[in-house]
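User: I'm new to this one and would like a walk through it. Could you show it to me first?

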Amino acid sequence: AQAVIARTFALRNMGKRESQGFDLLGTAADQVYGGVGAETALGWQAVRSTRGRIVTQDGAPIDAFFFSTCAGRTETGTEVFRGAARAYLHSIRDEDERGQAYCRISPRYRWREEWTGDALLEVLRRQLPVEAGIPAERVRAVRDVRIERRNGSGRVTELTVALPSGPVRVSGPAIRRVLRPSSGDLLRSAAFSLTVSTSGGAVRRLVAEGAGAGHGVGFCQWGAVGRARAGQRHPEILASYFRDTTLERAY
């Protein structure tokens, strides 16, 4: 299933970076590729056994978004990507007949991040000017961080950071870029809750407890593993994540 989706993405995006002299970057900006040394026999078996097969709608390759772990529900495309208004990119419940997430085997199924007051201030001084367009000098202290809104899938869509000069709203994908952990990576997902500890009018500790990893749109990689282990084959897995699409040979 992963081989088919990766191939679909590649064909859909042929020419994307033509002005640079190639089609795709081998990073998370397009498709991660670690080089020949990262290839495996199992990966090649998947590629060869599905040769030429892609997922289509109306005869064209679909927008084949994929990510790590949905934690039981995928995300609607337009919640993350402006141009992703596709019927096959609607949120779906990704659970078995017992109501358990197929991706519960993922090491990223549940997670926790924690910031001291100083660490949070440092992160927000760096990220808020970029993501919210405010002057860096406004970020002198953090009085509160609170979730304002969630969407139908339970993911956070609006966050407020209370500063001495007033509240700053952060929305959409920018939330994961603003609340970066100490590693500097994006926050694992937008499905999280917050616990805030304050003292003297400032945040002294912030804890985010979350579920899943990635943007949540389209194909859940760990969910696909769970579905395969439950006996589903790749046509069924792909049809579950991309409704009303067709599996066909492109070559």
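User: What is the strand order in the open sheet that has β5 in it?

Analyst: First, a caution: this is a predicted model, where local features need pLDDT of at least 70, side-chain atom pairs count only at pLDDT 80 or more, and totals for chains, interfaces and linings use all residues. Residues are numbered from 1 along each chain as its sequence is written, and side-chain values use heavy atoms, with hydrogens and water left out. Strands here are DSSP runs of E with at least two residues, helices are runs of H or I with at least four, both numbered from the N terminus, and two strands pair if DSSP finds at least two bridges between them. This sheet has three strands with antiparallel pairing, and their order is β5-β6-β7.

User: Which strands are at the edges of that sheet?

Analyst: An edge strand pairs on one side only. That fits residues 144-150 and residues 166-171, so to speak of them by name: β5 and β7.

User: Which residue is the bridge partner of I147 in β6?

Analyst: Strand β6 covers residues 156-163 and runs antiparallel to β5, with six bridges joining the two. In β6, I147 finds its bridge partner in L159.

User: Which strands stand at the edges of the sheet with β4, β9 and β8?

Analyst: This is an open, antiparallel sheet in the order β4-β9-β8. Each edge strand has a single partner strand, so one side of it is left without a neighbour in the sheet. The edges are β4 and β8.

User: What angle does the direction of α3 make with that of β4?

Analyst: Seven bridges join β4 to β9, and R112 stands opposite E209 in β9. Helix α3 packs on this sheet, touching both β4 and β9 (contact means heavy atoms within 4.5 Å). Angles run from 0 to 180 degrees between N-to-C directions, using lines fitted to C-alpha atoms, for helices over the stretch in contact. For α3 and β4, that comes to about 95 degrees.

User: Which element supplies the largest share of the largest nonpolar core?

Analyst: A nonpolar core is a set of buried Ala, Val, Leu, Ile, Met, Phe, Trp, Tyr and Cys residues joined through side-chain atoms within 4.5 Å; buried means under 20% relative accessible area, exposed over 50%, and partly exposed in between (1.4 Å probe, protein chains only). The largest one has 27 residues, and L120, L128 and V142 have the most contacts inside it. Several elements each supply at least two residues, including β4, β6 and β9. The largest share, five residues, comes from α3.

User: How many residues are in the second, separate core?

Analyst: That core includes F9, I92, Y109 and A224. Its total is 24 residues.

User: Is T56 buried or exposed?

Analyst: T56 lies in strand β1, residues 53-57. Leaving out residues up to four places away in sequence, T56 touches P61, I62, T245, T246 and E248. The relative accessible area of T56 is 2%, which means buried.

User: Which residue's side chain makes a polar contact of 2.6 Å with that of T56?

Analyst: A polar contact is a pair of N or O atoms within 3.5 Å; within protein, one must be able to donate a hydrogen and the other to accept it, and residues adjacent in sequence count only if both atoms are side-chain atoms. At 2.6 Å, the partner of T56 is E248.

User: What share of the 251 residues is buried?

Analyst: Overall, the protein has six helices and eleven strands, and its C-alpha trace spans about 65 × 50 × 35 Å along the principal axes. The buried share is 42%.
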